[in-house]
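Here are my notes on the model you sent. Please read them with the structure open.

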Amino acid sequence: MSFVQIQCTRCKTVFRDRAGRLQDGYSRQCPSCEVVLFFAEDSPNPQVKQAMKRARQARKERRETEMARVSAPQVRGNFSRTQTGRIQHSSEDEED
Ligand SMILES: [Zn+2]
């Protein structure tokens, strides 16, 4: 799992979080000043927007590496049939 650097909007501390978590609606506390950072696509904070952009890129690269093919953007989750015919759901949010 790849990590993305995030700069706190308040104390400017740089910390890291999993790219799989940094999605629209996610929030977490700064480990230094404990301010809660909200991650939204339309965030007014350039630090947050930058982190989300990196996370999106990291997830995209991870998917492309694992699946060896390009997924359609904005599609959440991928459905694929196993050899037994069962439909398996794999989310991009899965932990490693
Ligand atoms: Zn902070």
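How much area does the protein expose, and what share of it do carbon and sulfur atoms supply? The exposed area is about 6,700 Å², and carbon and sulfur atoms supply 46% of it. Keep in mind that this is a predicted model.

1. Fold. The protein has six strands and one helix. Read from the N terminus, the order is β-β-β-β-α-β-β.

2. Burial and contacts. The chain has 96 residues, and 30% of them count as buried. Take the contacts between residues at least 6 apart in sequence: 33% of these join residues at least 24 apart.

3. Core. The largest nonpolar core holds 16 residues. Val 4, Ile 6, Phe 15, Leu 22, Leu 37 and Phe 39 have the most contacts inside it. Strand S1 (3-7), strand S4 (36-39) and helix H1 (46-67) each give two or more residues to this core. H1 provides the largest share, with five residues.

4. Leu 37. Look at this core residue beyond its neighbours within four places in sequence. Leu 37 is in contact with Ile 6 and Phe 15, both also listed among the core residues with the most contacts. Its other partners are Cys 8, Thr 9, Tyr 26, Ser 27 and Arg 28.

5. Zinc site. Four SG atoms coordinate the zinc ion at 2.3 Å, from Cys 8, Cys 11, Cys 30 and Cys 33. The donors follow the spacing C-x2-C-x18-C-x2-C along the chain. The site is tetrahedral, with angles of 107 to 112° among the four donor atoms. For four tetrahedral donors, the ideal angle is 109.5 degrees.

6. Cys 30. This zinc donor has a relative accessible area of 1%, so Cys 30 counts as buried.

Note on methods. Residues are numbered from 1 along each chain as its sequence is written. This is a predicted model: local features need pLDDT of at least 70, side-chain atom pairs count only at pLDDT 80 or more; totals for chains, interfaces and linings use all residues. Side-chain values use heavy atoms; hydrogens and water are left out. Helices (H or I, at least four residues) and strands (E, at least two) are DSSP runs, numbered from the N terminus. Buried means under 20% relative accessible area, exposed over 50%, partly exposed in between (1.4 Å probe, protein chains only). Contact means heavy atoms within 4.5 Å. Accessible areas come from the Shrake-Rupley method with a 1.4 Å probe; for residues, only the protein chains shown count as cover. A nonpolar core is a set of buried Ala, Val, Leu, Ile, Met, Phe, Trp, Tyr and Cys residues joined through side-chain atoms within 4.5 Å. Donors are N, O and S atoms within 2.8 Å of the metal (3.2 Å for Na, K and Ca); water is not among the atoms, so sites may look incomplete. Four donors count as tetrahedral if all angles lie between 85 and 135 degrees; four count as square planar and six as octahedral if opposite donors are over 155 degrees apart and all others between 65 and 115; anything else is irregular.
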